[in-house]
Amino acid sequence: MPGYVPGAQPQGKTVKLNTNENPYPPSPEVIRALRAALDGGGECARRYPDPLCRELRQAIAEFDGVSPDQIVVGNGSDEILRLLMTVTLDPGSEVGTLWPTYSYFEFLAAQCDARPVRHGVDTGGRWPDSLFEGGERLLLICNPNPPVGTLQPHEMISRLCEARPESLVVIDEAYIGFAPRGASAVSLLGSHANLMVVRTLSKSHQLAGLRAGYAIGTGEALAALLKIKDSYNVNALTQAAATAAIGDTGHFESTRAKVIAERECLAAEMRRRGFEVPESHGNFLFAIHVRAQEIFEALAERRVFVRWWDKPGMRDGFRITVGLPEQSDALLRALDEVTAQLGR
Ligand SMILES: Cc1ncc(COP(=O)(O)O)c(C=O)c1O
């Protein structure tokens, strides 16, 4: 759509289901922590933040069952991903990704003059043989993998790490908070020295606007990240808010359950309307339809924003962020209008 910026905040009465934000507010503990940080005569603004994010790393360590020494925190997981590319890639070197996947990977690769290598997955998400056989120094693999939301089991991740001992295998778990319990690759870190897990607090912890993400790993790659990151890459307010968010596991659990329940309801409604909707383990759905682009554009005209990409393997569907039940209702109403108008 000309002039349409996916990350921009649409004004007016809109249904914004295009950037996989969490529809629920952050934990009340986050608001309390922010207020407390702001009290005290602005000290949190005057002084530099903790460069090592010690309190936050301690909270993450407890949440993920790892040691704080295994964690590096970034200004969103996009910063971590960019740093990982910077430390592992030279101009001209290759970075392997699934395809389709998080489109920002290729943007980051271009910033490093690296060459992305796409390993194609179908809507079932099965990893292709080429992924196990390639020679790229860095593999960036989302699990669950957008835009469809497919999830691969531990055995597959272990097989990949073993098949590619010369590669750093980074599992981007941005959406793991909406996947079945126990799906995270963090429990495999002790078995594979070439494995790293990247997480964000933007999705399942409702902090997209404050920017906090982290890497969990061991060995050289983690040390390299620490060495290259800016000292004060995570500001004081974000550190306080993220520590509180991670600590409120009750809020995480209750909002997670609501998003998952809404995802399943919306998927059923979409399927009832003739869309093919593969099973998703994220906070989004991929709705496949022969007229996907037209539907996406007609929805946008009604200020219902979902996401469509004019890219191979992606243009035959659009991605819908799972929102509040009333947002799903508004989307479905608009869809019914649009499909009736288009004659399906
Ligand atoms: C797969 C994936 N990884 C990373 C990110 C970036 O998250 P952050 O907000 O922490 O930079 C996103 C954001 O949409 C994502 O979809």
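User: What makes the shell around the ligand four nonpolar, four polar and four charged?

Analyst: Let's sort the names, keeping in mind that this is a predicted model. Around the ligand sit Tyr-102, Cys-142, Ala-174 and Tyr-175, and residues of these kinds count as nonpolar. Asp-78, Asp-172, Lys-203 and Arg-211 are there too; Asp, Lys and Arg count as charged. Gly-76, Ser-77, Thr-200 and Ser-202 are also in the shell, and Gly, Ser and Thr fall under polar. So the shell divides into four nonpolar, four polar and four charged residues.

User: How do you know that Asp-172 makes a polar contact with the ligand?

Analyst: A polar side-chain atom of Asp-172 is 2.6 Å from a nitrogen atom of the ligand. The cut-off for a pair of N or O atoms is 3.5 Å, and 2.6 Å is within that, so the pair counts as a polar contact.

User: What about Thr-200 and Asp-78, and which part of each one faces an oxygen atom of the ligand?

Analyst: For Thr-200, an N or O atom in the side chain is 2.5 Å from a ligand oxygen. For Asp-78, a polar backbone atom lies 3.0 Å from an oxygen of the ligand. Both distances are within 3.5 Å, so these are polar contacts as well. As for cover, the ligand taken alone exposes 400 Å², and 92% of that is buried by the protein.

User: Why is strand S5 called mostly covered?

Analyst: S5 runs over residues 138–142, and five of its five residues are buried; buried means under 20% relative accessible area. Leu-138, Leu-140 and Cys-142 point one way, Leu-139 and Ile-141 point the other way, and all are buried.

User: Why do the side chains of a strand split between two ways?

Analyst: Side chains in a regular strand alternate between the two faces of the sheet.

User: How do you know that S3 and S6 both pair with S5?

Analyst: Count the bridges. Strand S3 (residues 94–99) shares three bridges with S5, in the parallel sense, and Thr-97 stands opposite Leu-140 there. Strand S6 (residues 168–172) is joined to S5 by five bridges, also parallel, with Leu-139 opposite Val-169. Pairing takes at least two bridges, so both strands qualify. From S5 the chain crosses through helix H7 (residues 154–163) to S6, and this β-α-β crossover is right-handed.

User: What makes Lys-16 count as buried?

Analyst: Lys-16 has a relative accessibility of 15%. The cut-off is under 20%, so Lys-16 counts as buried. Lys-16 sits in strand S1 (residues 15–16). Its side chain makes a polar contact of 2.8 Å with that of Thr-19 and another of 3.3 Å with that of Glu-21.

User: How do you know that the bond from Asn-143 to Pro-144 is cis?

Analyst: Omega is near 0° for that peptide bond. Pro-144 belongs to the loop between S5 and H7. Pro-147 is in the loop between S5 and H7 too, and the bond joining Pro-146 and Pro-147 is cis, with omega about 5°.

User: What stands out about phi in Asn-20 and Cys-53, and are they buried or exposed?

Analyst: Neither is a glycine, yet phi is positive: near 55° for Asn-20 and about 50° for Cys-53. Asn-20 is in the loop between S1 and helix H1 (28–38), whereas Cys-53 is in the loop between helix H2 (43–46) and helix H3 (54–64). Relative accessible area is 0% for Asn-20 and 2% for Cys-53. Both values are under 20%, so both residues are buried.

Definitions and conventions. Residues numbered from 1 in each chain as written. Predicted model: local features only at pLDDT ≥ 70, side-chain atom pairs only at ≥ 80, totals over all residues. Heavy atoms only, no water. Near = heavy atom within 4 Å. Polar contact = N/O pair within 3.5 Å; in protein donor to acceptor, adjacent residues only side chain to side chain. Areas by Shrake-Rupley, 256 points an atom, 1.4 Å probe, with all protein chains shown as cover. Buried < 20%, exposed > 50% of the residue type's maximum accessible area, 1.4 Å probe, protein only. Helix = DSSP H or I, 4+ residues; strand = E, 2+ residues; numbered from the N terminus. Right-handed = clockwise from strand over helix to strand, strands pointing away.
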